[in-house]
Amino acid sequence: MPLTKDSIRAALSRVSIPGREGPRFQGELIEWVALCEAYVSVRVNDPGVPVREPLARGLAEALAAHSHAEQTPVQSFIVEFVDRAGTVVHTARPRVDAAPTSAPTTGGTTQPRAGTDQGGHRPIGGLGAAPASRAQQPQDTASGLPGVKSVIAVGAGKGGVGKSTIAVNLAVSLARRGHAVGILDGDIYGPSLPTLLGLGALEQATLAGMLQPFYVHGVKAITIGKLVDAEKPLIWRGPMAHGAFKQLAEQTNWGELDYLIIDLPPGTGDVSLTLAQTLRLSGAVVVCTPQKVAQDDAVRAARMFQQLGIDVLGVVENMSWFIGDDGKEYDIFGRGGAQVMAQRLGLPFLGAVPINMALRANSDKGEPLKNFDAHLAGPVLAGALESLATRVEQEVAIAEMRRGARTPTLTVS
Ligand code: ADP
């Protein structure tokens, strides 16, 4: 039987807080359970420093027992402890003892790649058409990729505005909200996911002719940067870029995803055209810095999406302002410029992200989860990234309703 969020919640609710008298660990203490393939994460209210790790181990044991009983292996398990404000104060990655058939789990900050049962590096040309594994995939969905509900492209008019940074943090933020999320490095001319996600030593695996995405920081990721020599310049001709992008999108074993984020190359180019021809997108997010020159390029990018028949979900203003050590806010690039541009084009404004040194450092180290830790990166950044994900969720829902892919639901409780 496949594991479900409810079955996991029920299994974990039976765990007691180590060394504590009184009632057992109540299920209500579990804020949410997220499940994506064989990857499980839960968020629980913090019971206090001394019992965090023992409780995490107890939860892992209960999860292991449940996964053995259902004969469905769990590959990784993350327990996030949150305070009353919902801020993550501690993250534990306890081992879930593998069932005899399952792949090993690790306890480092980087999660193991998916599909560790088939290792080995293969060039992208070694991928098969994989009709057999395609047949095992879930039904075709609105996106055109089996199992993938919504595809969101992240584009920018010019390089260096933080497009990849926003794409990665949007993906992680959506995953933290309990969604199953994938990210594809469509920036095949200058792939940055290996750095931003810290894929360093991990090797690309293929299984039955399909690429197995890496599973890191709660998201599944695939990048051309792991298939070609990262040090060598990537000189693609149009048709090669077209083929490479299509292979990455279509020959990756995404499994079931709520959102697939695509980090596009900057500008208005051939990959965007391939994207529009290959997949049915929910829409595109345009990243822009506040300056006039950046806005002009972003307008061109937005127009390109519209010409390709891709809805623009909205505009994000990155590097919007800076908070100095003195606590004062400095509008270095002219805060609000991109917002005005969005209004002028009649596009939704999805939010503003400040210049933040921790964000830059965490990006360089490939540790995006730290951006959401208010103690490490400050409360403003985490809040901005979280509200960006909420706005994107809303705009995707609206875009899909407009397309008729989703019907509105009314919940009465
Ligand atoms: P692009 O994909 O548009 O070329 P990147 O996402 O690679 O841009 O970002 C370029 C550089 O700017 C990176 O070093 C990144 O860490 C940094 N950066 C992006 N956004 C911010 C921000 N809001 N605060 C601080 N540094 C940022």
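Q: Before the ligand comes up, what counts as a polar contact here?
A: A polar contact is a pair of N or O atoms within 3.5 Å. The model to which this is applied is predicted.

Q: Which ligand atom pairs with the side chain of Asn-318, and at what distance?
A: A nitrogen atom of the ligand lies 2.9 Å from an N or O atom in the Asn-318 side chain.

Q: And the backbone, what do Val-161 and Pro-354 contribute?
A: Val-161 places a backbone N or O atom 3.1 Å from an oxygen atom of the ligand. At Pro-354, a polar backbone atom is 2.8 Å from a nitrogen atom of the ligand.

Q: How much of the ligand does the protein bury?
A: The protein buries 80% of the 560 Å² that the ligand exposes when taken alone.

Q: Which elements give two or more residues to the shell around the ligand?
A: These are helix 4 (163-176), strand 13 (312-323), strand 15 (349-355) and helix 10 (357-365).

Q: How many residues surround the ligand, and which are the closest?
A: The ligand is surrounded by 15 residues, with Gly-160, Lys-163, Ser-164, Thr-165 and Pro-354 the closest. By class, the shell holds five nonpolar, eight polar and two charged residues.

Q: Changing topic: how many cavities of 30 Å³ or more are there?
A: The search of the whole structure finds four. The largest cavity has a volume of about 200 Å³.

Q: Which of its lining residues are closest to the centre?
A: Ser-41, Ala-175, Arg-176, Tyr-215 and Gly-218 are the closest, out of 20 that line the largest cavity.

Q: Which element gives the largest share of that lining?
A: Strand 1 does, with four residues. Elements that give two or more residues to this lining are strand 1 (30-36), strand 2 (39-45), strand 3 (76-82) and helix 4.

Q: What about residue classes and domains?
A: The lining of the largest cavity comprises 12 nonpolar, six polar and two charged residues. Domain 1 (5-104) and domain 2 (143-403) each supply at least three residues to that lining.

Notes. Residues numbered from 1 in each chain as written. Predicted model: local features only at pLDDT ≥ 70, side-chain atom pairs only at ≥ 80, totals over all residues. Heavy atoms only, no water. Near = heavy atom within 4 Å. Polar contact = N/O pair within 3.5 Å; in protein donor to acceptor, adjacent residues only side chain to side chain. Areas by Shrake-Rupley, 256 points an atom, 1.4 Å probe, with all protein chains shown as cover. Nonpolar A, V, L, I, M, F, W, Y, C, P; charged D, E, K, R; others polar. 1 Å grid on protein atoms, 1.4 Å probe; cavity = no way out; pocket = protein on both sides within 12 Å on 5 of 7 lines; lining within 4 Å. Points joined across faces, edges and corners; volume = space filled by probe spheres on them. Domains from an automatic or database assignment.
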